[in-house]
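Dear colleague,

Please find below the structure that I am handing over to you. My findings follow it.

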Amino acid sequence: MILGAMVAVPVVVLMLLRANAALVFLSLCLGAVLVQFVAPHTQSFSDLFSAHNLSNAHPASNTINLILLLVPVVLTTFFMIGTVRGRTKLLLNALPAAGVGLLGALLLVPLLPAGLQYNIVNSSLWAEVQRAQDVIVGSSALVCLLVLWMQRPKTGGSKHGKKHKV
């Protein structure tokens, strides 16, 4: 049930806000890169100011990872509110929104507190998601790229872009 909510909530939010889900997906990918490359350095920086240095992973590291993962997503969603116009584009936006939900779940679950993580990881649904993660990531990325490519500005037919000869 928790896993289902983790997938469904982003889809519902992105559709209701009419936010460009392909850009939110790319922001989620950016967040994953930040977690991988920036988080270890922010943790060592915060250790300088802590009263006692723990050599194992501490709860603050997961909090930092969650922040680094989700801040680009939240900011992009906020800045993209209302950018999807028209019924067809909104329906097409559902595909990358599903990718955001699925990839978000794959990236979030390992960062959750141990008890919650245990409940999700031991479900049969999580095992299915894990088996399909390559397909989820690859197809979501491809769908997002296709949606972005379809959104490129049209050229040639605009009156505003042409100069009149005198």
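Helices in this account are DSSP runs of H or I with at least four residues, numbered from the N terminus. By that definition, F79 lies in helix α4. Please bear in mind throughout that this is a predicted model.

The nonpolar surface patch

F79 is exposed, with a relative accessible area of 58%. This residue belongs to a nonpolar surface patch of about 810 Å², which is also made by V9, V13, L17, I67, V71, L75, F78 and I81. Two elements, α1 (2–17) and α4 (59–79), give two or more residues each to the patch. The largest share, 5 residues, comes from α4.

Helix α5

Helix α5 covers residues 87–108, 22 residues in total. At 1.5 Å a residue these should span 32 Å, and the end C-alpha atoms are 31 Å apart, so the expected and computed values agree. Within α5 there is nevertheless a kink of about 30° at L95, shortly before the proline P96. P96 itself is buried, and other buried residues of α5 include L90, N93, A97, G99 and V100. Towards the end of the helix, L106 and L108 are also among the buried residues.

The cysteines

A disulfide is a covalent bond between the sulfur atoms of two cysteines. The structure holds 0 disulfides. C29 is in no disulfide, and the nearest cysteine sulfur, that of C144, is 7.6 Å away. A disulfide requires the two sulfur atoms to be within 2.5 Å, and therefore C29 and C144, with sulfurs 7.6 Å apart, do not count as a pair. For C144, in turn, the nearest cysteine sulfur is that of C29. The surroundings of the two residues may also be of use to you: C29 is partly exposed, with a relative accessible area of 28%, whereas C144 counts as buried at 1%.

The salt bridge

Side chains of opposite charge can pair when their charged atoms come close. How many salt bridges does a search of the whole structure find? The search finds 1. In this salt bridge R131 pairs with E128, and the closest N and O atoms are 2.3 Å apart. Both residues lie in helix α7 (residues 124–131), where they are 3 residues apart, about one turn of the helix. R131 is exposed, with a relative accessible area of 60%, while E128 counts as partly exposed at 44%.

With kind regards

Definitions and conventions: Residues numbered from 1 in each chain as written. Predicted model: local features only at pLDDT ≥ 70, side-chain atom pairs only at ≥ 80, totals over all residues. Heavy atoms only, no water. Patch = residues over 30% accessible without salt bridge, like charges linked within 9 Å, V, L, I, M, F, W, Y side chains within 5 Å. Areas by Shrake-Rupley, 256 points an atom, 1.4 Å probe, with all protein chains shown as cover. Salt bridge = Lys/Arg side-chain N within 4 Å of Asp/Glu carboxyl O. Buried < 20%, exposed > 50% of the residue type's maximum accessible area, 1.4 Å probe, protein only. Expected span 1.5 Å × (residues − 1). Bend = angle between axes of the 7 residues up to and from the residue.
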